Amino acid sequence: MKIFALNCLIIVFILFNYSLSAQCDTDKYTDKCIKRIQPEGYTFLKTYPVSGEKGKEYSYIFSHGTKYMVALSNHDAQNKGFYLTIYDSNKKQVVSSHLDGKYFPAIQFTCKSTGIYYMRFSFDASPHCGVGVLGMKR
Amino acid sequence: MKKNTLMGAFLIAFTMGITPLKAQEDILKTVLDIVSPVDISDLIKKQGIKYDKTMLSNHVNFAAYKSDFKRALNLGIYSTDMGYSTINEQSKDALSFLGSVKKTAEALKVGQFIDSGKMMMLAANKKDINKLLEETTTTFENISDYLDKQKKPSLAALMITGGWLETFHITCQVAQKQSDKKVKEELNTKIVTQKIVLEKILEALKPYSDKDIVKLRSDLSGLSKLLEKYKIEQESGTAGEVKEENGLITTTGNNSSKDVEITQEELKKIAESVTSIRSSIMSIK
């Protein structure tokens, strides 16, 4: 009986998490990010939807000499509780949008070394729902 | 008690069963993350290189593709060509490729993801280029995700492979004709970085025993061998300066890397290998 109860609990937990993720409607955040990169002259490359307490990691090949911008958006106008950390191929941190206690709405990154980079989107507070949009210019 | 044991066994089997699938899904997602036809198309356009329709696929061939294998690969090819013509503001060609994307997607039973009306409206408004690119990129990602969830991950992998190969083909063709040293070096670096993507694609296609996929994988392995000798070295050194600028975080990142040297002869070999694989995918036999 105990095993049955435990199994049920696991299923409920999985379904609960799935339902939480499903509630994260990122469309409006995406539009906000696109509006941020556009006036700066960046061309859209990718949208990164992020939901769930653990956040999410994406990767991209950044090229030497190219300027990238990752704009961030969540429920808060000041992006509180949602930030991005970029790591190089050796998983060494390059930059974070959470600096000196402040959450910045975007990172501008001029790449000096071609290679694969990892973008880890994290939450410090709920709701765990946000978007990052990557743009580039030469 | 018997029910409980069965339930427990089911959960264990379920967890074990999804492990390899999950790993496969992760590989596909990584490939999808790092593949970007927009990146290359933008580079080509910004360097002032003229739009060249002759490099692109024949958008009327879609009806001749009778197997899901070819449909998925060519859906990727059409999507890249649509992206390239969109970036170059060639609305007529972009709409022709959109038509082929829609028909091919319908044949694969994923046509519901393509909102042609919305894309045509965005294409008509040149100020909305980023929104259009977002719509096309997201549509491509949604189809891939759907195919994966419909237990057709091989089709998702093929679609991504087709899209990537077309991007690689355009890059090689442009690089071969380039006389400007700086632009050529930049394109060569793009070509070499494709080895990272190719490694992941080979991994994504590995689990499938279908003879067409096995043949494709073998052809791609040949291409991979040509790229093997080039090194992409990224050393972690002193981090670049991080500063606040106009309310944003700005940095120059770590270190610097050199452009990659590829001789004209080596470039020709790589381009020929890509063309050969692409021709086989696009053939209507």
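Student: Say Ala, Val, Leu, Ile, Met, Phe, Trp, Tyr, Cys and Pro count as nonpolar, Asp, Glu, Lys and Arg as charged, and the others, Gly among them, as polar. How does the lining of the largest cavity divide by class?

Tutor: That lining has 15 nonpolar, nine polar and two charged residues. Bear in mind that this is a predicted model, where local features need pLDDT of at least 70 and side-chain atom pairs pLDDT 80 or more, while totals for chains, interfaces and linings use all residues. Residues are numbered from 1 along each chain as its sequence is written, chains are lettered from A and ligands numbered from 1 in written order, and side-chain values use heavy atoms, leaving out hydrogens and water.

Student: Okay, and how many cavities are there?

Tutor: Five cavities of 30 Å³ or more turn up (sets of points on a 1 Å grid over the protein atoms alone, where a 1.4 Å probe fits but cannot get out).

Student: What volume does the largest one have?

Tutor: The largest cavity comes to about 310 Å³ (the space filled by probe spheres set on the points, which are joined across faces, edges and corners).

Student: Which residues should I click on to find its centre?

Tutor: Try B:Pro37, B:Ser79, B:Thr136, B:Thr137 and B:Phe140, which lie nearest the centre among the 26 lining residues (an atom within 4 Å of a point).

Student: Which helices and strands supply the lining?

Tutor: β1 (43–51) of chain A gives at least two residues, and so do α2 (37–46), α3 (68–87), α6 (129–149) and α7 (153–177) of chain B. Those labels are DSSP runs numbered from the N terminus: helices H or I of at least four residues, strands E of at least two. α6(B) has the largest share, with seven residues.

Student: New topic: what's the second largest cavity like?

Tutor: Its volume is about 140 Å³. It is lined by 14 residues, with B:Ile34, B:Ser36, B:Asp39, B:Ile40 and B:Gln194 closest to the centre.

Student: And which elements line that one?

Tutor: At least two residues each come from β2 (56–62) of chain A and from α2, α7 and α8 (181–205) of chain B. The largest share there, four residues, belongs to α8(B). By class, the lining splits into seven nonpolar, five polar and two charged residues.

Student: Back to α6(B). Which of its residues meet α5(B)?

Tutor: B:Lys131, B:Leu132, B:Glu135, B:Thr136 and B:Thr139 of α6(B) are in contact (heavy atoms within 4.5 Å) with B:Lys118, B:Met119, B:Leu122 and B:Ala123 of α5(B). The residues of this contact divide into four nonpolar, two polar and three charged.

Key:
On a 1 Å grid over the protein atoms alone, a cavity is a set of points where a 1.4 Å probe fits but cannot get out, and a pocket is an open set with protein on both sides within 12 Å along at least five of seven lines; lining residues have an atom within 4 Å of a point.
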